[in-house]
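Reader: Could you put the model up and go through its side-chain contacts with me?

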Amino acid sequence: MLEKVFKLKENNTTVKTEIMAGLTTFMTMAYIIALNPNLLTNFGAEGMPIWNGVFMATCIASAVGMFVMAFTANKPFCMAPGMGLNNFFYVVVTNIVAITGLSFVESFQAGLCIIFIEGIVFIVLSILNIREKIVQGIPLGIRLGIGPAIGMMLLNIGVGSNAGIYSETGGPFYVMRDFFGAMTPSLAKTTMGSGYDAMVLSVVTMFVGLFVIVILAQKGIKGAVILGMLIASVINWAGQAIFLGTNPFASLATASFLPPFKDMAETTLFKLNFQGLVQVGWFTMITLVVTFCIIDMFDTIGTVVGTASRAGMLDKDGNVPNMKEVLMADAIGTLTGSVTGTSTVTTFVESASGVEAGGRTGLTALTTGIVFLACMFIAPIAAIIPPAATSAALIYVGVLMIAGLKNIDFDDISQALPAAFMLIAMPISGSIGHAIGLGLIAYTVIKVFTGKAKDVKVLTYVLSLIFLIKFFLAA
């Protein structure tokens, strides 16, 4: 049955490979399950009922989006509430509080209306093939540069921000900035306090995991990424017990494994507050909807094109087959998130880890989605995966994706400069969409002022103008 649904032989894969790929993707993006409710509720400061509501919504909306991806698009791309977009959503909610005087929960429910409208807009645009045409309007050179730029972003997450350490002297302290940036261990200890030992353990975990993945992959061992992450996790857990004197499994003793359905029903489930949203003003409301749409659209497009390029899924024209269905899955995930209680659901760059593990069909997305649903019951177990272990996978996949630079014609400055801009902008800004926008503007300017304006598609001009307006006027 699985063969018939997912066409495994046609895609040169097996059930075992797809399931392993799905588990690999899950392990690299499991952090979002706890981090998303933390960010949307100021780390629980707004109360546990709303935190639990967002937690449940994160699991459910992500799973629904991945199930649609699996059965309609048959692609290994996985999704969850997008990083960056969730931060932006929280800022919007706090502004609604300030403007209207509503409570945080009421303002949160008003903010969900923005996500609801965004989801409806995306469904309509997907049905009309407008989003697919936007993908085709991105010049080939920029599409080829998206994958390597995402690779740089993954590297930045892996060595720069995924394994932050807190201590009595503050934080977070990061691997590249604080550990390798310190002149001497004594100076680092002065800066990081008790967090220094934890940072050393994180560095060891990360590099051991990375080299285990590389060695296993070179030997052609299936599941190299997930095996490397598991070995790194065991080392980290042992290090916590032996060198830090802490029990890495202590949280499991008091953890609740019962899903908080009641809190979700009271705070976020179908609690759209349109009356509260109208109080912010029509112009502000429209601006917010358009902003969310632009960011999400190009984050999704960039992730899908970049990951598909690495997996060899692009056709001869550089397009992604079944792109309409991929974008529809994103839209349905976002709509589901709005009625369950979370910000925009989008395709995750961490999908690249599952693709690198061999994932080629929707069975990968289905596997990850099932585990996300299971996390309503086993979230405490997912929470003990050390961030440093996932860093190892992200670094490895990031390096592999950077190899896509060889497909770009660096003798053509209209390809080279946009690609270079994206390589820098994506990890620094943390936004795939913003990086693509910068690349489009650079491409258009070069073509116009070198007498090759006719080479630029009308849609490329439109997209470049939209990003110019967003960068300089909306700001």
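Author: What follows is a talk through a predicted model, taken topic by topic.

Reader: Let's start with charges, then; how many salt bridges are there?

Author: The count comes to 2 salt bridges. In one of them the side chains of R131 and D330 meet, at 3.0 Å from N to O, and this pair links distant parts of the chain, with R131 in helix 7 (residues 130-136) and D330 in helix 17 (residues 323-340), 199 residues apart.

Reader: Are R131 and D330 buried or exposed?

Author: R131 is buried, and D330 is buried as well.

Reader: And what else does the charged end of R131 sit over?

Author: The charged end of R131 also sits over the ring of F122, at 3.9 Å from the centre of that ring.

Reader: Which side chains meet in the other salt bridge, and how buried or exposed is K447?

Author: That one joins the side chains of K447 and D455, with 3.8 Å from N to O. K447 has a relative accessible area of 11%, so it counts as buried, whereas D455, at 48% relative accessibility, counts as partly exposed.

Reader: Switching to aromatics, how many pairs does the structure hold?

Author: The structure holds 13 aromatic pairs. One of these is formed by W51 and F55, and it is stacked, with 5.8 Å from centre to centre and 15° between the planes. Both residues lie in helix 4 (residues 48-73), where they are 4 residues apart, about one turn of the helix, and W51 and F55 are both buried.

Reader: What about F467 and F471, and why is that pair called tilted?

Author: The ring centres of F467 and F471 are 5.7 Å apart and the planes stand at 40°, so the pair counts as tilted; planes under 30 degrees apart would count as stacked, and those over 60 as edge-to-face. F467 and F471 both lie in helix 23 (residues 458-474), 4 residues apart, about one turn of the helix. As for cover, F467 is buried, with a relative accessible area of 1%, while F471, at 25%, counts as partly exposed.

Reader: Which residues form the aromatic cluster?

Author: F88, F89, Y90, F104, F108 and F292 form one aromatic cluster.

Reader: Okay, cysteines next: how many disulfides does a search of the whole structure find?

Author: That search finds 0 disulfides. C78, for instance, is in no disulfide, and the nearest cysteine sulfur, that of C375, is 13 Å away, whereas a disulfide would need the two sulfur atoms within 2.5 Å. C293 is likewise in no disulfide, its nearest cysteine sulfur being that of C113, 14 Å away.

Reader: And how much relative accessible area do C78 and C293 have?

Author: C78 is buried, with a relative accessible area of 0%, and C293 is buried too, with 10%.

Reader: Moving to the surface, which residues make the nonpolar patch?

Author: The nonpolar surface patch, of about 410 Å², is made by I120, V124, I127, L128 and I130. Helix 6 (residues 104-127) gives the most to the patch, with 3 residues. V124 lies in helix 6 and is partly exposed, with a relative accessible area of 40%.

Reader: Now the backbone; which residue other than glycine has a positive phi near 55°?

Author: F270 is one such residue, with phi near 55° although it is not a glycine. F270 lies in the loop between helix 14 (261-267) and helix 15 (274-278), and F270 is exposed, with a relative accessible area of 63%. N12 also has a positive phi, of about 55°, without being a glycine; its place is in the loop between helix 1 (2-6) and helix 2 (15-29), and N12 is exposed as well, at a relative accessible area of 73%.

Reader: One last thing, where is D409, and how far is it from G141 in space?

Author: D409 is in the loop between helix 20 (387-402) and helix 21 (413-429). D409 and G141 are 268 residues apart in sequence, and in space they are 7.8 Å apart, C-alpha to C-alpha. D409 itself counts as partly exposed, at 37% relative accessibility.

Definitions and conventions. Residues numbered from 1 in each chain as written. Predicted model: local features only at pLDDT ≥ 70, side-chain atom pairs only at ≥ 80, totals over all residues. Heavy atoms only, no water. Buried < 20%, exposed > 50% of the residue type's maximum accessible area, 1.4 Å probe, protein only. Phe/Tyr/Trp six-rings, centres within 6.5 Å; stacked < 30°, edge-to-face > 60°. Helix = DSSP H or I, 4+ residues; strand = E, 2+ residues; numbered from the N terminus. Lys NZ or Arg CZ within 6 Å of the ring centre and 35° of its normal. Patch = residues over 30% accessible without salt bridge, like charges linked within 9 Å, V, L, I, M, F, W, Y side chains within 5 Å. Areas by Shrake-Rupley, 256 points an atom, 1.4 Å probe, with all protein chains shown as cover. Salt bridge = Lys/Arg side-chain N within 4 Å of Asp/Glu carboxyl O.
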